[in-house]
Amino acid sequence: MAAAAGSPRLPAWCGALRGLLLAVLAAGSCHGNSVERKIYIPLNKTAPCVRLLNATHQIGCQSSISGDTGVIHVVEKEEDLNWVLADGPHPPYMILLDGNLFNRKVLMQLKGTSRVSGLAVSIAKPNPPQGFSPGLKCPNDGFGVYSKDYGPQYAHCNTTVWNPLGSGISYEDFDFPIFLLEDANETQVIKQCYQDHNVPRDGSGPEYPLCAMQLFSHMHAVTSTVTCMRRNSIQNTFSINPETVCDPLLDYNVWSTLQPINSSGKVDREKEVIIVATRIDSHSFFWNIAPGAESAVSSFVTHLAAAEALHKASDVHLLQRNVMFTFFQGETFDYIGSSRMVYDMEKDKFPLRLDNIHSFVELNQVALRNGSVLWMHTDPVSWMNESVQTQVRNLLDILSNSSVGANVTLQEAGYSQPLPPSSFQRFLRARHIPGVVLTDHQAAFQNRYYQSMYDTPENIRMQYPEGLSPEETLEYVTDTAKSLAEVATVVARALYRLAGGANNTSAIQADPKTVTRMLYGFLIKMNNSWFQSIIKPDLKGILGDVPQHYVAVSSPVNTTYLVQYVLANLTGTVVNLTKEECLNPDKAPNTEKELYDYAWVQGSLDPNSTTRVPYCVRSTVHLTKALSPAFELRQWGSTEYSTWTESRWKEIRARIFLVASKELEIITLVVGIAILVFSLLATHFINAKADVLFSIPRDPGAVAY
Amino acid sequence: MTLAVFFGCTFIAFGPALSLFLFTIARDPLRIIILIAGAFFWLVSLLLSSLIWFIAVKASDPRDEALQRGLLIFGVMFSVLLQEAFRFLYYKLLRKAIEGLVALSEDGCSPISIQQMAYVAGVGFGLMSGAFSMINLLADALGPGTVGIHGDSQLYFLTSAFMTMVLIFLHTFWGILFFHGCENRRWWEIAAVVLMHLAVSGSTFWNPLYVGSLVPSYLLMAAAAVWAYLLSGGSAQNLRRFLLCSQSGASPQLAS
């Protein structure tokens, strides 16, 4: 069974024609030849919508294998859609949609018609004021803890709708390509072409040549993960050159412990650990566009600051309980990272077991606090259990006490409200652990751009004054940074108390300068001097794009690398080892390789020179694989674990050009055939009567013309 | 359906050349060899002239528009002269070849005359020149778009196809004229061919004013056709007889 759609049998002459066409194409297909530049304008700054599959469905967009072409029509208000859907005389149309009209109502209208061959969306500036969220109203429904067996009244968002602005368009299946135009200049070029050629004049339709657009985003996988993984395995078994059609979404979880533990051994059953968790990934409708400022970055930056603050306590080695700082990847797609960690803990593949967990603190979306309130969410079902209730009560009290003196007011969200979508829910599925989820919202999200391309620094009110250089912007402390630093301080102090610390906590203070540098690096510019100084020398090429936090299929992504190195920098210590010793710690004495991780980082640039001073960092930061257990167990249709995969594709590009009328093309063909037939006839006659036409005296026997 | 444009332009540009090849060249292997060798000679002349132009362009300032245009004009003229020089070299080669063919033949005369070689060499030059003019345009004609988004004329493909057709014909006739001039030591015929070639190539600088390049080229082609016909043994009388005979359908009278 072929992975691609089967093509019908063609006669043999078609092969020869294809060969001829290929030769012709090869001659003309050199990069950027001048005739091609006369015809096409490529659109370079675009982002496609790609196909994702889970156990039962496919979502996203698909184009045909040789691209979808359509006449451009600019839709800036709803009335413009009538031209596309009914009146326009040259279907199919390729729509250039204003960002403010990119909503469910318009998309469902376009989905139902065959007069649309594709969609290009221009990003709305400023962000749409009414909010925009292409995610679901009930994120990760069915993969959390609430089901018909556990708190059925809380399942499927019956009690609280977390994301009321969610339109769910990310989870629809479109059969035409949808691209995002990120560059306003390119959008202007397209609109200019439309104004010049496509606008109807005097009530009648526009005349040829018309401005058209072609989008290529053909996806190889179809139907569901079950189908595409089955096709993968068939390809791998039978084909010499296997063609994979889809890849599971996977990456790495980053974790680190306050007191070092043996990462390849097992921790004693009596040793208790407090887990602090955040997610580090986000998503939007378009591929590789996931700024995730409020949904992911705010929480993990606060977490990193809290980790740094906790390490400042003087007696961390004497604390009764250990603290594990965990950063989960893939949580947007049905809790890939946390479900894998729970699975590893159950199967004894992780140094900790579920018995070791004393309590769980999670940070979720903490940047948009109303006033100074931070809400504490607990699980109402496990609240019914007496022992768990006591422990949760204790946890909440410690948190409230830690906020004394800080500009953070902790309030309980209510015992009749379920937990928001969080990694804690996966741990609850396995064991009744006391835990709390800290957020800035009591019921529905404060974030009006949850999992969309508009979840940008502006959404979390990060503002910089004008005229700063990149270095100054890196160091400038914004109000957002100060607010997140306060939350981090409260969390760190609470963790100290939870871990059994008894001393004064005034030394445990998160540094707003670190927070602002992290916010700048993860949201505005990854390629800054601080990030450059804390990464490995051979990784410096990965920094440079606009920061985004999609989990992707090749791992680890930039975000995971950076979280790992930032955590190592903030919680580790500099040790005096040479490069060889740092890279091969087994050879050096006294390194305790099982407990620590050694990294050779490139160091900062001296202001006057061009060389860096590298050094060795010792930390307890580790990576573990975040691949859904469904792929380990080969249960592609699992409803218990995440089964999200991303389709593969060959090329993704977009271009605009003019199309000529069919009449002109047919005329060209007819003229060509006429000339060919006439010249064949004329040459035949001239050749047959050559002795009449050309009378040169010659010897007999010579060949005539 | 831009397959229509692709086939239309291919037939316009190469239809006459294809029919010439099928009916007059394809049967005789010796003519095919001369055709291919002629194409190769044209190719070498293009390679050398493009090398000169490429070096000139790289050595100059790419931002100076007037200089680049001047270099292009120089390049085109130099290429024309080099093509004609290679036509002369090919004539010399074919003269040597005739001596060899005479030596190999049974009855002491060559199976192919120099006039036939001139015609085939011209077709060879023309075909290769047409291929280089037209193939990359045809490749782009296959795509969904047509020329025009930057303001160029929509008729780009059509006019290029017609220009290629006229150029193939012109090379054929110039071949006949040039070899006749070399054979009979009539230098003014050679000079006329070179001047005509320069005029046709120069007229393409009128593009996109297509009437300025196509009309003179077709007029020159008509003139060259008449001249080549007369030099090949044709006359107005023969032409009348040919037309009347084919109209009446009577059997032709063999010329003496």
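This note goes through the predicted model point by point, from the chain interface to the sheets, helices and backbone details.

1. **The A–B interface: extent.** In this predicted model, 53 residues of chain A are in contact with 58 residues of chain B. The interface can be put as an area too. About 4,800 Å² is buried between chain A and chain B. Carbon and sulfur atoms give 73% of that area.

2. **The A–B interface: polar terms.** How many salt bridges does the rule find across the interface of chain A and chain B? The count is 0. Polar contacts do occur: 8 residue pairs, both partners at pLDDT 80 or more, are found across the interface of chain A and chain B.

3. **The A–B interface: who contributes on chain A.** Several elements of chain A give two or more residues to the side that touches chain B. The helices are α1 (12-28), α2 (34-39), α19 (662-688) and α20 (690-693) of chain A. The strands are β9 (210-219) and β23 (649-659) of chain A. Which element gives the largest share of this side? It is α19(A), with 18 residues. By class, the chain A side divides into 34 nonpolar, 11 polar and 8 charged residues.

4. **The eight-stranded sheet.** Chain A holds an open sheet of 8 strands with mixed pairing. The order is β1-β23-β9-β5-β6-β7-β8-β2. Its edges are β1 (41-43) and β2 (46-48) of chain A, and each of these pairs on one side only. From one strand to the next, the twist averages 30°. Two strands of this sheet, β23(A) and β9(A), also appear in the list of elements that touch chain B.

5. **Pairing inside that sheet.** Strand β5 (residues 68-75) of chain A and β9(A) run antiparallel, joined by 4 bridges. For a specific register check, take G70(A): its bridge partner in β9(A) is M213(A).

6. **Helix α4(A) and a salt bridge.** Helix α4 (residues 104-111) of chain A lies across three strands: β6 (93-97), β7 (116-122) and β8 (178-181) of chain A. Relative to β7(A), α4(A) runs at about 160°. K111(A) in this helix pairs with E172(A), which sits in the loop between β7 and β8 of chain A. The two form a salt bridge with the closest N and O atoms 3.1 Å apart. In sequence they are 61 residues apart, and the pair links distant parts of the chain. Over all chains, the search of the whole structure finds 24 salt bridges.

7. **The three-stranded sheet.** A further open sheet of chain A has 3 strands in the order β18-β20-β19, with antiparallel pairing. β18 (573-575) and β19 (597-601) of chain A are the edge strands, each pairing on one side only. Neighbouring strands here are turned by 40° against each other on average, direction ignored. Helix α16 (residues 558-571) of chain A packs on this sheet and touches β18, β19 and β20 of chain A. The direction of α16(A) makes about 90° with that of β20(A). Between β18(A) and β20 (residues 615-619) of chain A there are 3 bridges, and the two strands run antiparallel. V574(A) has V617(A) in β20(A) as its bridge partner.

8. **A helix pair in chain B.** Helices α1 (residues 3-25) and α2 (residues 29-59) of chain B have axes that come within 10 Å. The axes cross at roughly 145°. On α1(B), the contact is made by F21(B), T24(B) and I25(B). On α2(B), R31(B), I32(B) and L35(B) make the contact. These residues divide into 4 nonpolar, 1 polar and 1 charged.

9. **Cis peptide bonds.** Two bonds merit a look in any setup. The peptide bond from Y208(A) to P209(A) is cis, with omega near -5°. P209(A) is in the loop between α5 (184-197) and β9 of chain A. A cis peptide bond also joins S555(A) and P556(A), with omega about -10°. P556(A) lies in the loop between α15 (529-534) and α16 of chain A.

10. **A positive phi.** N288(A) is not a glycine, yet its phi is positive, about 60°. Where is N288(A) placed? It is in the loop between β12 (273-279) and α7 (293-311) of chain A.

Note on methods
Residues numbered from 1 in each chain as written. Chains lettered and ligands numbered in written order. Predicted model: local features only at pLDDT ≥ 70, side-chain atom pairs only at ≥ 80, totals over all residues. Heavy atoms only, no water. Pairing = 2+ DSSP bridges. Axes fitted to C-alpha atoms, helices over the stretch in contact; angles between N-to-C directions. Contact = heavy atoms within 4.5 Å. Nonpolar A, V, L, I, M, F, W, Y, C, P; charged D, E, K, R; others polar. Buried area = accessible area lost by both parts, 1.4 Å probe. Salt bridge = Lys/Arg side-chain N within 4 Å of Asp/Glu carboxyl O. Polar contact = N/O pair within 3.5 Å; in protein donor to acceptor, adjacent residues only side chain to side chain.
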